[in-house]
Structures are given as C-alpha cells and as structure tokens.
Amino acid sequence: MNREMMTSLAWGLGIVGLALCATFARSRGYIDSEMVDRIVMGAIGLMVAWFGNQMPKRFVPSARARQAQRVAGWSMALSGLVYAGFWIAAPKEVAVIGGSLAVLLGIGVTAAYCLSLRNKARVSGA
C-alpha cells in the first residue's frame, strides 16, 4: 500500500475508533449523546481540512491543474476547519446547517474556479 492509502485508512480507522470510544463513554454516563455527535463531526471536519491541505501538494503535470488543486486545497481546508468549529462550539441545530453550508461553499468555490479555468482555456485555445 502506498503512503496516501495508509493515511486515508488511518483517518478512517481513527474516526471509527473515536466514535466507538465516545459511544463507550456515553454508555458509562461520562458524556451525553450530543457530545458524541460533536466529537465525531468535529473529527470529520478536521479530516476534510487535512485532505484539503494535502490536495495541492500532489504532483500534477498541468499548470492549470496545479492552480485548481491549490484553490481546492485551500477552500476545502478552510471549510473543513469551519465545519469542525461549528460542531465544537455552536448549538447542534446551527452546527448542522452552518457546517453543511461551509463544506458546500468550499465545494462551490472549487467548482466555480475549475469552471473559470476551463472557460479561460477555451477562450485562449489552450
């Protein structure tokens, strides 16, 4: 297995392990079910931020693809941090809506930027 695969697997197993530990703590009365949600959802936000941060560091031969990866990396890293922040600090109803909107905004920024690069390429004939 390559390093990327191992990192992805570690994130997945880490979140599952975290969820199991939080569930165990809830069953023992140490935390409530809302805290379990916040812990797991906050970890997912940090995972989105991690992968967003890693995106621009991957080798891509095309200059336009590297530009798109940088924008995608920044937008996903920032939206993942905002998502995690909502789940850590905001009321649950706000965290669901705000966190989801943050990730959707990150995806939207990435998609819009990629479409603008594609349109520039068409206009310039590249």
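Visitor: Which is Leu101, buried or exposed?

Guide: First, this is a predicted model: local features need pLDDT of at least 70, side-chain atom pairs count only at pLDDT 80 or more, and totals for chains, interfaces and linings use all residues. Residues are numbered from 1 along each chain as its sequence is written, and side-chain values use heavy atoms, with hydrogens and water left out. For accessibility, buried is under 20% relative accessible area, exposed is over 50%, and partly exposed is in between (1.4 Å probe, protein chains only). Leu101 comes out at 52%, so the label is exposed.

Visitor: Which helix does Leu101 lie in?

Guide: Helices here are DSSP runs (H or I, at least four residues), numbered from the N terminus, and strands would be E runs of at least two. The run that takes in Leu101 covers residues 92-124, and that is helix H4.

Visitor: What area does the nonpolar surface patch with Leu101 have?

Guide: Patch members need over 30% relative accessible area and no salt bridge; nonpolar side chains (Val, Leu, Ile, Met, Phe, Trp, Tyr) are joined within 5 Å, like charges within 9 Å. The areas come from the Shrake-Rupley method with a 1.4 Å probe, and for residues only the protein chains shown count as cover. Leu101 shares the patch with Val96, Ile97, Leu104 and Ile107, and the area is about 470 Å².

Visitor: How many aromatic pairs does a search of the whole structure find?

Guide: Rings of Phe, Tyr and Trp (its six-membered ring) pair if their centres lie within 6.5 Å; planes under 30 degrees apart are stacked, over 60 edge-to-face, and the rest tilted. With that rule, the number of aromatic pairs found is two.

Visitor: What is the angle between the planes of Trp11 and Trp50?

Guide: Trp11 and Trp50 sit 6.3 Å apart, centre to centre, in a tilted pair with 45° between the planes. This pair links distant parts of the chain, with Trp11 in helix H1 (residues 3-27) and Trp50 in helix H2 (residues 33-54), 39 residues apart. Trp50 is partly exposed at 34% relative accessible area. As for the angle, it's 45°.

Visitor: Which residue forms an aromatic pair with Trp11 at 6.5 Å?

Guide: That pair is tilted as well, with 50° between the planes of Trp11 and Phe51. Helix H1 supplies Trp11 and helix H2 supplies Phe51, 40 residues apart. Ring pairs thus link Trp11, Trp50 and Phe51 into a cluster. The partner at 6.5 Å is Phe51.

Visitor: How many salt bridges are there?

Guide: Side chains of opposite charge can pair when their charged atoms come close. Here a salt bridge needs a side-chain nitrogen of Lys or Arg within 4 Å of a carboxyl oxygen of Asp or Glu. By that rule, the count is two.

Visitor: Which residue forms a salt bridge with Glu34?

Guide: The closest N and O atoms of this bridge are 2.9 Å apart. Both residues belong to helix H2, and because Glu34 and Arg38 are four residues apart, about one helical turn separates them. Glu34 is partly exposed at 32%, whereas its partner is buried at 11%. That partner is Arg38.

Visitor: How many residues apart in sequence are Lys92 and Asp37?

Guide: Lys92 and Asp37 meet through their side chains in a salt bridge, 2.4 Å from N to O. Lys92 lies in helix H4 and Asp37 in helix H2, so the bridge ties together parts whose separation in sequence is 55 residues.

Visitor: How far does helix H3 reach from its first C-alpha to its last?

Guide: The expected span of a helix is 1.5 Å times one less than its number of residues. Helix H3 (residues 63-89) has 27 residues, and its reach is close to the expected 39 Å. The computed reach is 39 Å.

Visitor: Which residues is Ser79 in contact with, leaving aside neighbours within four places in sequence?

Guide: Ser79 is in helix H3 and is buried, with a relative accessible area of 5%. Contact means heavy atoms within 4.5 Å, and the cover over the buried residues of H3 includes H2 and H4. For Ser79, the contacts are Ala102, Val103 and Gly106.
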